[in-house]
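Me: I would like a close look at a single part of this model. Please take one residue, start from its burial, and work outward to the helices around it.

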Amino acid sequence: MAEPINTTIAAVSLMTLGVAVFGPQAGPYIVIVLGAIGGGLWALSSTVLATRMQGAWLMLRCIVTAIVLTALIAGLVGPWFGLPVTEVYAVVSFVIGMLGNRWQDVIESIKTRLHGLISTAGGKP
């Protein structure tokens, strides 16, 4: 009679194979998600919410926003500071998560600075 295969050994072997194959591709996304969770918890702690579901939606928005925007922003910020883009992912995703619902403030600040820069560069007619 054949011995049964130990399912624990099979599961560990499949998991090891999965990490070896998909680990290099999933690594940056895991860094982004963990950074966004940390920043999202910061935003969640400073926000007054009526229900837990609103808190869950805030966390989901922070994480999805970080996943979408981190690579773009890190691609701009990393070379500016002379750092590899992949090393900036954690910081950028944390800051994006930390912003939470305060994106209007950031956009308003950028708009004010651009307006000041344009009026200064243009000179007086």
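Reply: In this predicted model, G100 has a relative accessible area of 11%, and because the cut-off for buried is under 20%, G100 counts as buried. G100 is found in the loop between α3 and α4, the latter spanning 103–122. Leaving aside residues up to four places away in sequence, G100 touches A43, L58 and C62. The C-alpha atoms of G100 and I63 are separated by 9.5 Å, with their positions 37 residues apart along the chain.

The contacts of G100 lead to α2. L58, C62 and I63 are among the buried residues of α2, a list that also includes G55, M59, A66, T70, A74 and G78. Helix α2 covers residues 52–81 and has a kink of about 45° centred on L69. Just after α2, G82 takes a positive phi of about 75°.

Next comes the packing of α2 with α3. Two packed helices are described by the angle between their axes and the distance between the axes. Here the axes of α2 and α3 come within 8 Å and cross at roughly 135°, which makes α2 oblique to α3. The crossing of α2 past α3 is right-handed. On the α2 side the contact is made by C62, T65, A66, L69, T70, A71, I73, A74, G75, V77, G78 and P79. On the α3 side the residues are V85, V88, Y89, V92, S93, I96 and G97. By class, this contact has 13 nonpolar, 6 polar and no charged residues. C62 therefore takes part in the contact of α2 with α3, is buried, and touches G100. L69, where the kink is centred, is also one of the α2 residues in that contact.

Within α3, S93 deserves a separate word. S93 lies in helix α3, residues 85–99, and counts as buried because its relative accessibility is 0%. Not counting residues up to four places away in sequence, S93 touches V31, I32, G35, A36, A66 and T70. A66 and T70 are buried residues of α2 and belong to its contact with α3.

As for the setting, the protein chain has 4 helices and 0 strands, in the pattern α-α-α-α along the sequence. Buried residues make up 18% of its 125 residues, G100 and S93 being among the buried ones. Of the contacts in the protein chain with a separation of 6 or more, 62% are between residues 24 or more positions apart.

Conventions: Residues are numbered from 1 along each chain as its sequence is written. This is a predicted model: local features need pLDDT of at least 70, side-chain atom pairs count only at pLDDT 80 or more; totals for chains, interfaces and linings use all residues. Side-chain values use heavy atoms; hydrogens and water are left out. Helices (H or I, at least four residues) and strands (E, at least two) are DSSP runs, numbered from the N terminus. Buried means under 20% relative accessible area, exposed over 50%, partly exposed in between (1.4 Å probe, protein chains only). Contact means heavy atoms within 4.5 Å. Axes are lines fitted to C-alpha atoms, for helices over the stretch in contact, and angles run from 0 to 180 degrees between N-to-C directions. Angles under 35 degrees count as roughly parallel, over 145 as roughly antiparallel, 65 to 115 as roughly perpendicular and the rest as oblique. A crossing is left-handed if the near helix is turned anticlockwise from the far one by less than a right angle, and right-handed if clockwise. Ala, Val, Leu, Ile, Met, Phe, Trp, Tyr, Cys and Pro count as nonpolar, Asp, Glu, Lys and Arg as charged, and the others, Gly among them, as polar. The bend at a residue is the angle between axes fitted to the seven residues ending there and the seven starting there.
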